[in-house]
Every structure is written in structure tokens, then in C-alpha cells.
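Student: Got a minute to go through this model with me? I'd like to talk about its strands and a bit of its surface.

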Amino acid sequence: MRCCVCLFQQSLQCSPSKMAAGESNSRSSCLNLSNSGPLGNAPPSNSAHSSPASNGGSMGAVGGINRSAGNSNPQSGPENGGGAETAVRSTPSAQNPSRQSVGQSGATSGAASNMTATSSSSSSSASTASADASAAVPSLPSSPASVLVYREPVYNWQATKSTVKERFAFLFNNEVLSDVHFLVGKGMGVQRIPAHRFALAVGSAVFDAMFNGGMATTSTEIELPDVEPAAFLALLKFLYSDEVQIGPETVMTTLYTAKKYAVPALEAHCVEFLKKNLRADNAFMLLTQARLFDEPQLASLCLENIDKNTADALAAEGFTDIDLDTLVAVLERDTLGVREVRLFGAAVRWADAEAQRQQLQPTPENKRRVLGKALSLIRFPLMTIEEFAAGPAQSGILTDREVVSLFLHFTVNPKPHVEFIDRPRCCLRGKECSITRFSQVESRWGYSGTSDRIRFSVNRRIFVVGFGLYGSIHGPTDYQVNIQIIHTDSNTVLGQNDTGFSCDGTASTFRVMFKEPVEILPSVNYIACATLKGPDSHYGTKGMRKVTHEAPATGTKTCFTFCYAAGNNNGTSVEDGQIPEVIFYT
């Protein structure tokens with residue numbers, strides 16, 4: 001009695017096509033097809049030009065042979081890979097042909113060595129398989145060099161996976177049981193990625209609607225030209241196994257893909273990755289992306305980083321790549337820690353890059369045009385007259401009228417109105433605090449060009465951002481004022497501002513701010529100084545030597561101690577005078 005394999009090989013020799021490698025028993029391999037059936041373990045080819053191997057409707061030659069050659073159970077037989085084999089298998093050894101099996105015989109056993117059949121039944125099976133194979137692959141050449149590689153399918157792979165997670169992870173990017181393919185990317189970068197409708201629908205409402213909704217697609221190949229292949233694979237990896245595979249090069253495209261397919265858990269992982277890798281040199285780039293993807297928490301963190309490291313963030317290469325809305329959002333902030341002249345320089349660099357993007361010549365007129373609203377957010381009055389004269393005044397971006405009005409603002413009193421914001425920026429976060437050192441207000445405090453001064457110290461580190469000053473007793477009036485903070489021991493001016501303020505004639509105090517916060521260290525003596533030019537004002541009496549501010553949220557106490565400042569003083573002391581308020585951040 002002859003074995004089924006020998007009869008099968010003989011039938012191949014008699015077939016019209018000779019089935020390529022089946023011409024001789026001495027050969028170690030028979031004809032192989034390139035794609036496995038539903039239970040095959042061949043790694044998928046992600047080339048968009050590879051032939052499909054899904055069980056979603058286009059089985060090809062393999063499925064045709066299996067169905068016509070005996071209608072075998074797809075899950076039966078340890079040697080036939082669950083019925084997913086081709087008509088002709090690879091022979092493990094030429095000397096041991098009895099280990100081969102024929103899935104088309106309709107009856108398989110657990111051990112190949114025990115598999116026998118009668119001569120008549122074997123001949124019938126072999127002839128049927130031969131005819132079907134010839135019909136299924138008529139175009140394959142007979143040359144052995146043209147035989148395609150085919151890996152032995154894995155039978156009962158499920159038994160090696162002890163959990164649902166392991167079984168689904170095995171199916172990731174795998175042709176096994178796949179019923180849909182995605183053509184991801186565009187041009188030469190397109191990749192063909194296998195997937196499973198059920199797994200995708202379970203993890204994404206978008207995929208659920210795509211496959212099971214009222215307008216569900218029936219296509220087995222879906223094009224995704226707007227998605228990067230690496231990002232789509234990262235999404236599938238997460239849906240199949242909960243594993244997160246993101247890096248600096250793929251995190252933004254993965255975030256986009258996660259948002260597109262409504263997978264918020266993966267979104268959160270991407271945002272967390274960005275938070276951990278947020279630095280001054282990428283803060284502007286991430287801020288643009290956070291605004292684009294509507295991630296307010298990430299955007300807030302980017303803005304805080306820019307506040308703390310404004311100079312480094314502005315110097316980063318990615319700054320000039322941001323959009324106008326992002327530039328405006330940054331320039332609107334009161335908490336940037338950089339001088340205004342550097343902000344202007346950064347804005348000009350951005351305008352150069354934007355003009356090129358819009359294919360415009362980088363002329364001053366075009367720079368002003370592309371800056372748009374952003375130009376009005378540069379706080380030119382906060383510059384010194386020297387900074388303004390050396391930079392903005394000569395840039396050609398400002399109009400002659402704007403330049404003249406700003407020069408007048410710097411040089412004459414009373415200062416004319418300007419179209420630009422003169423409110424100082426404060427690079428500090430948290431809540432603004434203030435203390436008042438007088439308990440009563442009286443009338444008539446005169447000015448003759450001499451400074452009002454008061455010496456003070458604090459018990460903890462703070463940043464003074466301005467003073468509250470009394471205004472006129474004669475109704476609404478404008479004052480010119482120079483404010484300073486001086487280090488007592490070294491007589492060094494730590495901060496100052498030449499500015500003005502308008503009062504309404506009431507006994508209220510009016511804010512006068514420094515251009516930049518002034519750091520005050522604990523147990524160090526400083527002098528607060530204000531030189532006013534204007535009519536007689538209100539003044540404070542019943543002053544306190546010690547004033548304590550307690551933070552409502554934390555209970556932290558900041559204690560000020562005031563002393564008389566000797567020298568050229570207009571008369572202000574602990575008991576009465578000007579400079580009633582100190583405005584600060586802790």
C-alpha cells in the first residue's frame with residue numbers, strides 16, 4: 001500500500017503545469033504559495049503591492065484549493081495548520097516523506113506517521129487535488145527558481161497564549177484572521193497593514209461606526225492618506241495590547257491619529273510624553289501643536305515654560321515656525337520674563353520667516369503686514385529711550401507718527417497718549433499681593449523735586465513690582481514720577497521706572513509699576529524711592545513700623561519692617577508721608 005504523499009506527488013508529475021517543484025521526489029520542496037490562509041503564521045508584508053491574504057472574501061488560490069479538495073474542517077489536523085495549507089506543502093525531509101500530510105483527504109489524524117489510506121482513496125484524493133491545483137494556479141511557471149517562499153502555518157497558536165491580551169497582541173499587524181487592510185500614507189510611503197474589524201471596533205467608536213454603523217463600509221481595503229504608517233501602527237499596537245509605542249519622532253502624528261479615531265487613553269499617553277519632554281527649545285513648537293489639537297492643559301504648561309524661560313524659548317529655532325495666532329497669544333501675556341526690546345527683535349525674526357512663507361519680499365512694509373495685530377502687542381513704552389532709538393525707531397516697521405509719539409512719551413511731561421500698551425510685564429506667577437503702611441489719609445503734601453524715601457526689609461524672599469502712591473487734592477491731575485528701589489549698603493539702583501499716572505482727585509492710591517520685578521532678599525535693607533512732579537497730594541498718617549501680609553490660601557506670612565531713610569528726603573517717614581503701598585509677589 002502506497003502512502004498518500006507519493007500518490008500526490010505522482011499526480012503533480014502528470015499535471016499539465018507540472019506544479020513547478022513537484023517533478024521529482026528527490027526535491028526537498030514542493031510548490032509553495034506566497035500567502036497563508038486564515039490561520040497561517042506568515043509575517044505580513046506591509047508593502048502596498050503585496051497580495052492580500054485575508055479571510056474577508058478574496059482567498060485566492062489557497063482558499064480555492066482547500067474548499068474544493070475535500071471541504072476539510074479549517075481547525076482540524078495538527079499538521080495542516082488548521083486547513084489553511086496550500087495544495088502542496090514544504091517537505092521537512094526528503095528521507096521522511098511520511099511526515100507530510102494532505103489536508104484535502106478529508107480525514108486527518110494526530111500523527112503523520114500513522115496517517116495511511118487505501119490505494120483507491122489515496123488515488124482519488126490525489127487526482128482531485130492535482131486537478132484543482134492545476135486550475136487554481138495555471139499561470140505559475142514551471143521553473144523551480146520562480147517558486148515563492150511559504151512558511152508552515154502555526155497550528156493551535158491559541159494554546160500558547162494564556163490570556164486574552166496575549167492572543168490579541170499576537171494578532172497585531174498579523175494576517176492571521178485579518179478581515180480588513182489599510183493602505184496608510186501616500187506616495188511611495190504607502191504601507192498595507194492588516195487588521196481585524198472586531199478588535200478595532202472594540203477600541204474605537206470611529207472604527208465601530210466605520211464597520212458597523214448605518215453607513216458601514218464593506219470594502220476590505222481602506223485608504224488612509226492623511227495618516228503616517230508609524231502612527232497608525234502605534235494606534236493598532238495600543239488597541240490590540242494596551243502597549244504604548246511613541247517617541248520624539250512619532251508622538252505628534254500619533255496624537256493626531258489617536259484624536260482622529262477617538263482613542264482618549266492613547267491621547268493621554270501622548271500628552272504625558274510631551275509634558276515630560278517639554279523644554280524651552282521646543283516649547284513654542286509644542287504650544288502650536290497643543291493649540292491645533294485642542295489640548296488646553298498642554299498649552300498651559302507650554303506657556304508657563306515660556307514665561308520662565310522666555311529668552312531661551314525665543315532664541316529656539318522652532319520659534320519662527322509658529323503661526324500668527326500663537327505669536328499673538330504669547331505677546332498678550334503679562335508674565336513674560338524678558339525685556340521688551342528682545343521681544344521686538346524676536347517678532348522681527350518671525351516676520352522675516354513669515355514673509356518668506358507667504359512668498360513676500362522681507363521689506364519693512366511686508367513685515368508690518370504679516371505681524372498684523374502682534375505689532376500692537378509689543379510694549380514699546382517699556383523700553384528705555386536708548387533701546388527704542390537703536391532698534392524699533394530705525395526698523396522702518398513703525399510709522400513716522402508712531403515713532404514721534406513714542407519719543408515724546410520718553411522725553412516730555414506730561415506724557416502724551418500712545419497707541420501701545422504701557423503696562424509692565426511681570427514674569428511671576430501666583431496672586432499679586434500688597435501691603436498698606438498708613439491707617440489714615442490727610443491732605444496737602446507738597447513736592448519740590450526732592451525724593452520721598454522709606455527704608456524697609458522683609459522676612460522672606462519677594463519680588464516687588466510697584467508702589468501705590470497718593471494723588472492730587474485738587475481733582476483729576478496727571479503726575480510725572482520716577483520710582484526706584486535702592487540696595488542700601490551698596491547704594492545700587494536695583495530697579496526704576498520713569499513714568500506717569502493719572503489720578504481722579506480722591507484719597508485712593510494709584511499704581512505705579514516697575515518695568516521688571518525687583519528681587520528683595522530676606523533681612524536685607526532697601527530704600528523705596530518716589531520723585532513726583534505735580535500739584536499737592538494727599539498723604540498718609542498714623543504709619544506702622546511693622547506690617548504683616550498673610551496669604552489666604554497657605555497662611556504664609558510676609559513681614560515688612562519700615563525705618564526712616566536719612567539723606568535727601570522730601571519728608572516721608574514711618575509715621576507719615578508718601579509711598580503708602582508696596583505691591584509684590586511671593
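Student: In what order do the 6 strands of the open sheet run?

Tutor: This is a predicted model, where local features need pLDDT of at least 70, side-chain atom pairs count only at pLDDT 80 or more, and totals for chains, interfaces and linings use all residues. Residues are numbered from 1 along each chain as its sequence is written, and side-chain values use heavy atoms, leaving out hydrogens and water. Strands here are DSSP runs of E, at least two residues, numbered from the N terminus, and two of them pair if DSSP finds at least two bridges between them. With antiparallel pairing, the order is β9-β8-β11-β6-β14-β13.

Student: Why is one side of β9 and of β13 left without a neighbour in the sheet?

Tutor: β9 (492-503) and β13 (546-550) stand at the edges. One side of each is free because each has a single partner strand.

Student: Which residue in β14 stands opposite Phe456?

Tutor: Strand β6 (residues 452-458) pairs with β14 (residues 557-564) in the antiparallel sense, over 5 bridges. Opposite Phe456 stands Phe562.

Student: Which side chains of β3 are buried?

Tutor: Buried means under 20% relative accessible area (1.4 Å probe, protein chains only). Side chains alternate along β3 (residues 221-224), and Glu221 and Glu223 point to one face and are not buried. Pointing to the other face, the buried ones are Ile222 and Leu224.

Student: And what is the bridge partner of Phe182 in β3?

Tutor: Strand β1 (residues 180-184) runs parallel to β3, joined by 4 bridges. Phe182 has as its partner Ile222.

How values were computed
Buried means under 20% relative accessible area, exposed over 50%, partly exposed in between (1.4 Å probe, protein chains only).
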